[in-house]
Amino acid sequence: MSDNQISFVRTHMLPEAPPPVAATGVVKWLRENLFSSPANSLLTIVSLYVVIDIVISAAPWFLNGVWDSPSLSACRDILDGNVGGCFAVLSERWNQLLFGFKYPSELYWRPGLAFILLFVAGAPLLFFKLFPSKMLIFTGLYPFIAYWLIWGGSLLVPVFALLGVLLGAFVYKRTVSASAGMAVIAGFVAALIFWILSGFITAPMANVLAIEPVPSRDMGGFMINLMLGVVCVSLSVPFGIMLALGRQSSMPIIKWICVVFIEFIRGVPLITLLFVANVVLAYFLPPGTAFDLILRVIIMITMFASAYIAEVIRGGLAALPRGQYEAADSLGLDYAQAMQLIILPQALKISIPGIVNVAVGLFKDTTLVSVISMFDIVGMIRGPILASAEWNGVYWELFGFAALLFFVTCYGISQYSQWLERQLQTDHR
Amino acid sequence: MKRTVFLGALTVAGVAAGASAAATLDDVKARGKLNCGVTTGLVGFAAPDANGVWEGFDVAVCRAVAAAVLGDPTAVEFVPTTGKTRFTALASGEIDMLARNTTWTFSRDTDLKFEFVGVNYYDGQGFMVPKALGVSSAKELDGATVCIQTGTTTELNLADFFRKNNINYEPVPIETNAEGQQQYLAGACDTYTTDASGLAATRAAFENPTEHVILPEIVSKEPLGPLVRHGDNEWGDIVRWTLNALISAEELGVTSANVEEMASSPTNSPEINRLLGTEGNLGEMIGLEADWAKRAIAVGGNYGEVFERNIGENTPIGLARGLNAQWTDGGILYSPPFR
């Protein structure tokens with residue numbers, strides 16, 4: 001044993017050496033992600049070339065862009081043969097792109113304020129963990145405030161509309177113990193009667209507490225897209241939930257009404273519904289009946305979106321294990337309680353990506369209103385702006401601007417929905 | 001019970017519609033505004049400017065009628081219509097008249113139950129080619145690729161023209177004028193065909209308009225004019241004779257500059273006097289004040305002035321008068337006499 005000596009024994013630790021250059025930092029990341037194999041290296045180089053090529057060819061268009069010029073031909077004179085965008089059309093017509101060409105320019109602050117308040121009103125709904133629930137009172141008031149700001153007129157109109165809603169809710173509360181279905185109908189009828197009666201009061205008092213009214217026909221631009229998108233999405237989610245539950249109902253009449261409605265609306269293109277709203281309804285209504293065009297379009301788009309959202313939510317309901325329904329029953333919960341406390345919270349969570357998908361698609365579909373001669377942002381571009389003698393021929397700048405606005409909004413919605421999914425995640429992955 | 005109420009409501013609505021259709025003039029006067037259908041935007045013919053004020057050749061007709069009827073050229077509610085919604089808007093009573101570069105055809109006049117009150121622009125289908133192509137006549141376009149809007153009468157006219165001349169072409173279907181413009185500039189087609197006024201407007205927007213020529217052949221008749229509903233001939237007369245007043249004013253030398261002076265006292269031309277209301281009772285005959293035509297002319301001048309300001313040779317669109325000159329100048333504009 002003694003001759004079997006260990007020739008070397010390390011008695012102290014070596015100091016830590018830095019990792020080899022190739023296994024750390026940028027070089028490591030590059031090697032792993034971009035140059036891991038000859039084929040990948042080749043792809044990297046080719047894509048790099050393409051990206052640089054695009055940037056180099058597009059950069060002068062942005063950098064040489066003309067922001068101040070009265071017309072396209074003047075723009076071309078300034079550019080003098082160089083490549084460059086004529087962004088002057090945006091700086092001259094930005095107000096038309098955002099608000100339409102007839103909204104009075106001294107009143108732009110009103111839809112602007114309504115837009116900012118939208119975030120205040122939406123915050124407690126969208127970020128319910130971060131904001132006090134008392135802010136929901138403002139959310140409830142917001143539709144009436146926004147209506148008053150955008151359309152103007154007497155303050156009494158939205159106030160009486162609000163009172164009608166409150167009355168309906170009160171009647172519902174008082175009768176709900178007898179029968180939930182009858183309570184809904186009773187509340188609705190009470191509100192309707194109140195609105196009709198209040199029409200006699202508000203009509204002669206149109207100038208009481210009034211701000212300058214703006215008719216629907218004068219609205220346009222991105223404002224219309226946002227209004228239609230926000231109103232229709234927020235209305236179609238509750239309608240969609242009702243339709244989805246109705247379709248699963250055991251009561252045959254309700255079930256069949258829902259099935260027929262959903263299948264009919266889903267089988268008809270949105271553009272057809274819009275034409276019906278614009279053209280066909282005009283034949284049935286007596287001339288001079290000012291049934292607001294925006295209201296007609298909101299009804300049609302909401303119907304369309306509710307049918308789709310109903311199917312998305314039905315998917316969520318179907319994905320729940322049967323045990324969840326049975327557990328609710330075994331706890332002795334009635335239908336409303338079971339849905340409210342057990343089924344819907346889970347089903348809606350599953351449905352979020354689908355609902356957001358419909359919402360984003362719907363928001364972009366609002367540009368279809370340009371075919372029924374409403375001047376939303378695309379209608380503004382295709383109609384008045386491209387038809388003006390000054391700006392006929394400017395395409396990339398205008399449609400690029402519209403695409404940018406839509407991208408920012410839709411990307412925001414999509415990011416929010418991913419955040420919401422992470423917030424609601426309760427399973428253990 | 002419910003059904004009877006509903007049917008009753010429909011009947012009332014129908015009766016109301018019939019009643020109101022019969023007296024458009026009273027409706028317009030009661031409303032204080034003329035509802036005039038225009039396009040959603042066509043260069044030179046109708047488009048709102050940076051301040052949202054509608055301008056253009058078709059718009060001028062609406063303003064003239066509003067001035068004649070209501071005495072105020074700004075008392076017009078412009079209702080923008082697309083090619084698809086224009087006829088229903090007129091038929092349903094949403095608008096009182098339509099001035100939307102609409103071609104006067106047999107079926108529109110009879111089957112759709114409209115009344116074209118005249119022609120304010122004689123258009124026709126033409127061809128545009130790059131100068132570099134070296135073509136000077138549409139008959140030399142054998143084998144050419146042609147950008148053509150699908151589903152329009154221009155498509156049918158094109159086929160007719162090439163068949164008649166026994167030459168071939170290859171169509172490149174496009175959807176809108178904007179698309180046609182891009183395709184043509186990108187070289188996807190040798191020639192672009194649409195109404196000559198549209199070609200001129202399209203060419204005006206090019207970076208180098210001089211590199212493109214519009215060929216002399218006009219292969220179709222496209223008389224564009226304002227129209228009203230069937231069933232109210234008095235209203236149709238008002239629109240018709242307002243248009244005629246503008247045309248006659250040019251023929252008689254009445255302009256926006258001298259109309260006030262000529263209308264202040266009778267001139268030595270009896271027809272001018274009758275037109276401007278200083279003699280006779282023409283205004284009374286169509287239910288308007290005596291100076292109705294004077295007001296219509298004072299808005300934007302006579303037909304020639306309106307033409308020059310909106311689409312004439314000094315505008316970017318640069319259309320020559322051509323067929324739209326007075327009959328005394330070799331054109332076919334010919335207003336019946338004011339007598």
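Helices (H or I, at least four residues) and strands (E, at least two) are DSSP runs, numbered from the N terminus. This is a predicted model, in which local features need pLDDT of at least 70, side-chain atom pairs count only at pLDDT 80 or more, and totals for chains, interfaces and linings use all residues. Residues are numbered from 1 along each chain as its sequence is written, while chains are lettered from A and ligands numbered from 1 in the order in which they are written.

**Exercise 1. Work out the strand order of the open sheet in chain B and find its edges.**

Step 1. Let two strands pair if DSSP finds at least two bridges between them. The order is then E10-E9-E11-E8-E12, five strands with mixed pairing.

Step 2. E10 (169-174) and E12 (212-214) of chain B each have a single partner strand, so one side of each is left without a neighbour in the sheet.

Step 3. Now look at one pair: E8 (residues 125-130) of chain B runs antiparallel to E12(B), with three bridges. Here B:Met128 stands opposite B:Ile214.

**Exercise 2. Find the strands that helix H6 of chain B lies across, and its angle to E9(B).**

Step 1. Count two residues as in contact if their C-beta atoms, placed from the backbone, lie within 7 Å. Helix H6 (residues 153-164) of chain B lies across E8, E9 (144-149), E10 and E11 (191-195) of chain B.

Step 2. Fit axes as lines to C-alpha atoms, for helices over the stretch in contact, and take angles from 0 to 180 degrees between N-to-C directions. H6(B) then runs at about 150° to E9(B).

**Exercise 3. Describe how the two domains of chain B are arranged.**

Step 1. Bounds come from an automatic or database domain assignment, which gives domain 1 (25-122 + 224-329) and domain 2 (125-220).

Step 2. Their C-alpha centres lie 31 Å apart. Eight residues of domain 1 of chain B are in contact with four of domain 2 of chain B.

**Exercise 4. Decide how far to trust H1(B) in the contact between the chains.**

Step 1. The contact takes 28 residues from chain B and 26 residues from chain A. On the chain B side, H1(B) (2-22) gives the most, with four residues.

Step 2. Check pLDDT, the predictor's confidence in each residue, from 0 to 100. Chain B has a mean of 87, yet H1(B) has the lowest mean among the chain's elements, 43.

Step 3. Over residues 1-21 of chain B the pLDDT is below 50. Where pLDDT is low, the predicted coordinates should not be read in detail.
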